[in-house]
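Good morning, and thank you for making time for this item. Please bring up the sequence and the structure, and I shall go through them in turn.

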Amino acid sequence: MPDHDAPHASPITIYVDADACPVKQEVYRVAERHAAKGVALKVVVVSNSPIAVPRDPLIERVVVAAGMDEADNWIAERATRGAIVITADIPLASRCVKAGAVAIAPTGRAFTEDSIGMTLATRNLMSDLRSAGAITSGPKPFAAADRSRFLSALDAALMRLTRAGYGEV
């Protein structure tokens, strides 16, 4: 009798929280390279408004309703073990990590079960400070080193999932 819970029962899905994502092209390139090696995978680009995506059977565009957290909720409801979520949104990353998915920021930072609690607490503290009138700096500008770290992190995550049996054809 087949094991329907086996990791290879479905392709690796990469969910991209796309509205402000600076590494969409990198995701497409890495996915294409792994697919060429025989890894079964799909990239799902989720946004609140239509954005251009390559015409490729590996890539699916999903446009959700406009509104706070609509894209986040759509991704979080689908992110499971064997999926990778690309997002800078810490609450979304937390939800996905708790569901067993891999979550990576566009800077290449991997969100893990060990780090997500402190990351979420820091985010909430900074939000509280800003709303209380404290002047805090915003995020650092996206740099070439961030892009490079992201490429390495995504490649490593795909290799780990493949070694674990996900994405087998």
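Let us begin with M68, which is exposed, because its relative accessible area is 73%, over the 50% cut-off. This residue sits in the loop between β3 (59-63) and α2. M68 is 20 residues away from N48 in sequence, and the C-alpha atoms of the two are 9.3 Å apart in space.

I should say at once that this is a predicted model. The mean pLDDT of the protein is 86, and 79% of its residues reach 70 or more. Residues 1-6 have a pLDDT below 50, and beyond near neighbours in sequence this stretch makes one contact in the model. Among the elements, β4 has the highest mean pLDDT, at 98, and helix α4 (residues 113-131) the lowest, at 62. Where pLDDT is low, the predicted coordinates should not be read in detail.

Now to the overall arrangement. The protein has five helices and six strands. Along the sequence they follow the pattern β-α-β-β-α-β-α-β-β-α-α. Of the 169 residues in the protein, 41% are buried. Among contacts with a separation of 6 or more, 57% join residues that are 24 or more positions apart.

The six strands form an open sheet with mixed pairing, in the order β3-β2-β1-β4-β5-β6. Which strands stand at the edges? They are β3 and β6 (110-111); each has a single partner strand, so one side of each is left without a neighbour in the sheet.

Further in, β4 pairs with β1 in the parallel sense over four bridges. Within that pairing, Y15 stands opposite V85 in β4. The pairing of β4 with β5 is also parallel, over three bridges. There, I84 is opposite V102 in β5, and I86 is opposite I104 in β5. As for the side chains of β4, A83 and V85 point one way, while I84 and I86 point the other way; all of them are buried.

Y15 deserves a second look. This tyrosine is buried, because its relative accessible area of 8% falls under the 20% cut-off. How many aromatic pairs does a search of the whole structure find? The search returns one. The partners are Y15 and W74: their ring centres are 6.1 Å apart and their planes stand at 70°, so the pair is edge-to-face. Since Y15 belongs to strand β1 and W74 to helix α2 (residues 70-78), the pair ties together parts that are 59 residues apart in sequence.

Next, two of the helices. In α1, 13 residues at 1.5 Å a residue should span 18 Å, and the end C-alpha atoms are indeed 18 Å apart, which agrees. The buried residues of α1 are K24, E26, V27, Y28, V30, A31 and H34. Their cover includes β1, β2, β3, β4 and α5. After α1 comes G38, whose phi is positive, near 95°.

Helix α5 (residues 144-163) can be examined in the same manner. Its 20 residues should span 28 Å at 1.5 Å a residue; the end C-alpha atoms are 29 Å apart, which agrees. Here D146, F150, A153, L154, D155, A157, L158 and L161 are buried. What covers them includes α1 (24-36), together with the strands β1 (12-17), β2 (41-47), β4 (83-86) and β5 (102-104). A glycine follows this helix as well: G165, with a positive phi near 100°.

Finally, a word on cysteines. A disulfide is a covalent bond between the sulfur atoms of two cysteines. How many disulfides does the model contain? The count comes to zero. C21 counts as buried, because its relative accessibility is 8%, under the 20% cut-off. C96 is also buried, with a relative accessible area of 0%.

To close, I would return to the point about confidence: β4 carries the highest mean pLDDT among the elements, and α4 the lowest. Thank you; I am glad to take questions.

Definitions and conventions:
Residues numbered from 1 in each chain as written. Predicted model: local features only at pLDDT ≥ 70, side-chain atom pairs only at ≥ 80, totals over all residues. Heavy atoms only, no water. Expected span 1.5 Å × (residues − 1). Buried < 20%, exposed > 50% of the residue type's maximum accessible area, 1.4 Å probe, protein only. Contact = heavy atoms within 4.5 Å. pLDDT = per-residue confidence, 0-100. Disulfide = S-S within 2.5 Å. Phe/Tyr/Trp six-rings, centres within 6.5 Å; stacked < 30°, edge-to-face > 60°. Pairing = 2+ DSSP bridges.
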